[in-house]
Amino acid sequence: MKLLTEKENDNQIFILNCEKIIQNRINLWNPKDIYVNRIDNWFDGKWMNYAGTELHAISSWNFQDILTIPPFHPNRVESSEFYQKTSEQYVKKENQNALHIIQESKDNLKRFISDFSTDGLFIWYSGNSKTNDRGTLMLYLIKESETKTFYITLTGKKNWNVSQTKGVLIKEIQSIIEESTVGNNVYN
């Protein structure tokens, strides 16, 4: 089973390449929880570690180990799914706590990733990649008190290969994409 929802306005190669990257990170990090969020359109690298604004003018980014949920407006979130590892498989479950809710931006500064999971992989990817000729994948990992974040843009102009990264090397992600298979899926 694949984690990403493919729609008519998505490029299939973009979705496949994102699945390869995600599977690689799942195999590497072995998270207990996985949250998958489809955002309606492309979003840029400024969203990585973005926490919100205070007083409608002062933007805030997470530069420490305390990550907040990126403040995507719920209208932009086309789907949000939750998977949890049971023995050796990930099983789709109902998410009791929505990641993206309607609230003032300043309130998002208090919505910490660690309130949702202390051993989780949080995924955001963009829809509409066929029309935009580019797509985004952003991952946050939390393992106890350690956190990692990275952002990737893939473009059709580069045959759906990496055009931009933050928090990870382009050559590392490109080598994952160039692998011929997605590998052993451990989803249910």
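In which helix is S129 found? I shall return to that residue towards the end; please note at the outset that the model before you is predicted.

Let me begin with the sheet. Seven strands, in the order β5-β4-β1-β6-β7-β8-β9, make up an open sheet with mixed pairing. The edges are held by β5 and by β9, which spans residues 161-166; each has a single partner strand, so one side of each lacks a neighbour in the sheet. On average, and with direction ignored, neighbouring strands of this sheet are turned by 20° against each other. Helix α1 packs on the sheet, where it touches β1, β5, β6, β7 and β8, and its direction makes about 10° with that of β7. A further helix, α4, lies across β8 and β9 and runs at about 145° to β9.

I turn now to the individual pairings. Strand β6 pairs with β1 in the parallel sense, over 7 bridges, and R38 stands opposite Y125 of β6. With β7, strand β6 pairs in the antiparallel sense, again over 7 bridges; here L121 stands opposite L141 in β7. How many of the 8 residues of β6 are buried? The number is 7, and β6 is therefore largely enclosed by the rest of the structure.

At the β5 edge, strands β4 (residues 77-86) and β5 (residues 89-93) run antiparallel and are joined by 5 bridges. Within this pairing, Y83 has K92 of β5 as its bridge partner. The hairpin has 2 residues between the strands, and S87 takes a positive phi near 55° there.

Next, helix α1 itself. It covers residues 12-29, which is 18 residues, and from first C-alpha to last it reaches 26 Å, close to the 26 Å expected at 1.5 Å a residue. At the start of α1, a side-chain oxygen of N11 comes to within 2.8 Å of the backbone nitrogen of I13. After the helix comes N30, with a positive phi near 50°. The buried residues of α1 include F14, I15, C18, I21, I22, I26 and W29. Polar and charged residues are buried in α1 as well, among them N17, E19, K20, Q23 and R25.

This brings us to the interior. In soluble globular proteins, nonpolar side chains tend to be buried together. In the present model, the largest nonpolar core has 28 residues, of which I34, I123, L137, I152 and I173 touch the most other members. At least two residues of this core come from each of α1, β1 (33-39), β6 (119-126), β7 (134-143), β8 (146-155) and α4 (170-178). The most is given by α1, with 7 residues. Setting aside residues up to four places away in sequence, I123 touches L3, I22, I34, Y35, V36, N37, L137, M138 and L139. Another core lies apart from this one; it has 20 residues, including L67, I69, F122 and Y140.

Two residues outside the strands deserve a closer look. The first is K7, which lies in the segment before α1. Is K7 buried or partly exposed? Its relative accessibility is 36%, and K7 therefore counts as partly exposed, since the partly exposed class runs between 20% and 50%. Beyond four places in sequence, K7 touches R38 and E78, and a polar contact of 3.5 Å joins the side chains of K7 and E78. K7 and G127 are 120 residues apart along the chain, yet their C-alpha atoms are separated by 7.8 Å.

The second is S129, and here I come back to my opening question. S129 is found in helix α3, which comprises residues 129-132. With a relative accessible area of 0%, S129 is buried. What does S129 contact, once its neighbours within four places in sequence are left aside? The contacts are N9, D10, N11, F14, R134, G135 and W160. Two of these have already been mentioned: N11, whose side-chain oxygen reaches towards I13 at the start of α1, and F14, one of the buried residues of α1.

To close, the picture is of an open sheet of 7 strands, with α1 packed on the sheet and giving the most to the largest nonpolar core. Thank you for your attention.

Definitions and conventions
Residues are numbered from 1 along each chain as its sequence is written. This is a predicted model: local features need pLDDT of at least 70, side-chain atom pairs count only at pLDDT 80 or more; totals for chains, interfaces and linings use all residues. Side-chain values use heavy atoms; hydrogens and water are left out. Helices (H or I, at least four residues) and strands (E, at least two) are DSSP runs, numbered from the N terminus. The expected span of a helix is 1.5 Å times one less than its number of residues. Buried means under 20% relative accessible area, exposed over 50%, partly exposed in between (1.4 Å probe, protein chains only). A polar contact is a pair of N or O atoms within 3.5 Å; within protein, one must be able to donate a hydrogen and the other to accept it, and residues adjacent in sequence count only if both atoms are side-chain atoms. A nonpolar core is a set of buried Ala, Val, Leu, Ile, Met, Phe, Trp, Tyr and Cys residues joined through side-chain atoms within 4.5 Å. Contact means heavy atoms within 4.5 Å. Two strands pair if DSSP finds at least two bridges between them. Axes are lines fitted to C-alpha atoms, for helices over the stretch in contact, and angles run from 0 to 180 degrees between N-to-C directions.
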